Every structure is written in structure tokens, then in C-alpha cells.
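Here is a set of questions and answers for a reader who wants to see how each structural word is earned. Please look at the sequence and the structure before reading on.

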Amino acid sequence: MNNLTKKPHLVYLTAIPILILMGVFSGDASFDINIKDTYLIVSYLYLTLGIAILFGIIGIGYWMVHKAERKLSKWLTWTHIILTLGGTLAIGILIQFNRTKSLGNDFNSNFTLAIYLILFLIVIGQLIFPINIIYGLAKGK
């Protein structure tokens with residue numbers, strides 16, 4: 001686990017082909033997000049490609065710090081990895097539980113709220129990334 005904090009780019013760069021394969025094998029599947037009277041329909045392929053691009057940018061950022069032989073903060077790195085990968089995995093699981101037919105309760109709206117909260121945590125986690133990079137570059141070797 002200590003190697004994970006020294007080379008976090010390996011986690012993100014390993015996740016990229018897995019995400020792309022998930023998107024390719026999803027076929028024509030898509031999901032929709034209902035915001036008041038607006039529906040946002042996104043194909044799983046495009047969603048996974050977007051997340052793979054984000055993971056690529058993050059992986060390259062961590063790789064550049066590693067090549068510059070700088071040390072990152074362990075707890076900032078762990079927090080970023082857990083919020084980003086754990087949040088992405090949690091959203092993927094919650095989307096699978098989304099029901100197409102509701103039985104008169106707020107089942108889907110509760111899942112949508114949970115997805116929005118997790119997405120908010122992922123965005124907050126992305127703010128940790130540049131802080132960690134700046135900390136590593138300022139700290140030195």
C-alpha cells in the first residue's frame with residue numbers, strides 16, 4: 001500500500017482500459033437524468049470515455065510529479081484516490097439500481113439525490129488533486 005502513495009498514477013492509468021472496455025461492452029445502453037422538466041440522456045460509452053479522459057489527465061499529473069522526484073502528501077493522495085475511484089464506483093452501482101417503473105414512491109428520486117451527493121464529493125475530491133500537486137512541488141525531494 002505504501003507503493004500506492006508513491007505511484008498513484010498507476011491506479012488511474014490502469015483504470016482507463018477497464019473503463020473503455022466497460023463502455024464498449026455496454027452496447028447502446030444509456031441512462032437519463034431528470035432535472036425538473038429537462039432530461040439528460042447519456043450513452044454509457046460516452047460517459048466512460050469522459051471518465052477515462054479525466055483519469056488520464058489525473059494519471060499524467062501524478063506521473064509528472066513522480067518523474068520530477070517530488071513527494072506527495074500521503075493523506076491527500078489517499079483522500080483523492082478514495083473520493084475519485086470510490087465515488088465513481090458508487091455512482092456506477094447506484095445507476096444499476098435505478099428503476100424504470102416506480103411504484104408510487106420516491107425510490108428513483110432518492111437514488112438521484114444520492115448520486116448528486118456522491119458527485120459533489122467527487123468534485124470536492126478533484127480540488128484536492130491540484131493542492132496535492134502544488135504541495136509536492138513546493139515540498140521538494
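The questions below take up some terms, one after another, and set computed values against their definitions.

Q: What kind of model is this, and how are its residues numbered?
A: This is a predicted model, in which local features need pLDDT of at least 70 and side-chain atom pairs count only at pLDDT 80 or more, while totals for chains, interfaces and linings use all residues. Residues are numbered from 1 along each chain as its sequence is written, and side-chain values use heavy atoms, with hydrogens and water left out.

Q: How many helices and strands does the protein have, and what makes a stretch count as one?
A: Helices are DSSP runs of H or I with at least four residues, strands are runs of E with at least two, and both are numbered from the N terminus. The protein has five helices and two strands, and along the sequence they follow the pattern α-α-β-β-α-α-α.

Q: What makes strands β1 and β2 a pair?
A: Two strands pair if DSSP finds at least two bridges between them. Strand β1 (residues 30-35) and strand β2 (residues 38-43) have six bridges and run in the antiparallel sense. Within this pairing Ile33 stands opposite Leu40, and the bridge partner of Ile35 is Thr38. Two residues lie between the strands of this hairpin, where Lys36 takes a positive phi near 55°.

Q: Why is Tyr12 called buried or exposed?
A: Buried means under 20% relative accessible area, exposed means over 50%, and partly exposed lies in between (with a 1.4 Å probe and protein chains only). Tyr12 has a relative accessible area of 0%, so Tyr12 is buried. Tyr62, with 1%, is therefore buried as well. Of the 141 residues of the protein, 33% count as buried.

Q: Why is the pair of Tyr62 and Phe129 called stacked or edge-to-face?
A: Rings of Phe, Tyr and Trp (its six-membered ring) pair if their centres lie within 6.5 Å, and planes under 30 degrees apart count as stacked, over 60 as edge-to-face and the rest as tilted. The centres of the Tyr62 and Phe129 rings are 5.1 Å apart and their planes stand at 85°, so the pair is edge-to-face. Tyr62 lies in helix α3 and Phe129 in helix α5 (residues 107-139), so the pair ties together parts that are 67 residues apart in sequence.

Q: How many aromatic pairs are there by this rule, and how do you know what to call the pair of Tyr12 and Tyr62?
A: The count comes to three aromatic pairs. The rings of Tyr12 and Tyr62 are 6.0 Å apart, centre to centre, with 25° between the planes, and this pair is stacked. Tyr12 belongs to helix α2 (residues 9-25) and Tyr62 to helix α3 (residues 44-67), 50 residues apart. Ring pairs link Tyr12, Phe55, Tyr62 and Phe129 into a cluster.

Q: What makes a group of residues a nonpolar core?
A: A nonpolar core is a set of buried Ala, Val, Leu, Ile, Met, Phe, Trp, Tyr and Cys residues joined through side-chain atoms within 4.5 Å. The largest such core has 13 residues, and those touching the most other members are Tyr12, Phe55, Ile58, Tyr62, Phe129 and Ile133. Helices α2, α3 and α5 each supply at least two residues of this core, and α3 gives the most, with five. A second, separate core of ten residues includes Tyr44, Ile95, Phe111 and Ile118. In soluble globular proteins, nonpolar side chains tend to be buried together.

Q: How do you know that Ile91 is buried, and which residues is Ile91 in contact with?
A: Ile91 lies in helix α4, and at 13% relative accessibility Ile91 counts as buried. Contact means heavy atoms within 4.5 Å; leaving aside neighbours within four places in sequence, Ile91 is in contact with Ile115, Ile118, Leu119 and Ile122. Ile91 and Ile118 are 27 residues apart in sequence and 7.0 Å apart in space, C-alpha to C-alpha.

Q: Why is Ser73 called buried or exposed, and which residues does Ser73 touch?
A: Ser73 is found in the loop between α3 and α4, and its relative accessible area is 7%, so Ser73 is buried. Not counting residues up to four places away in sequence, Ser73 touches Asn132 and Tyr135.
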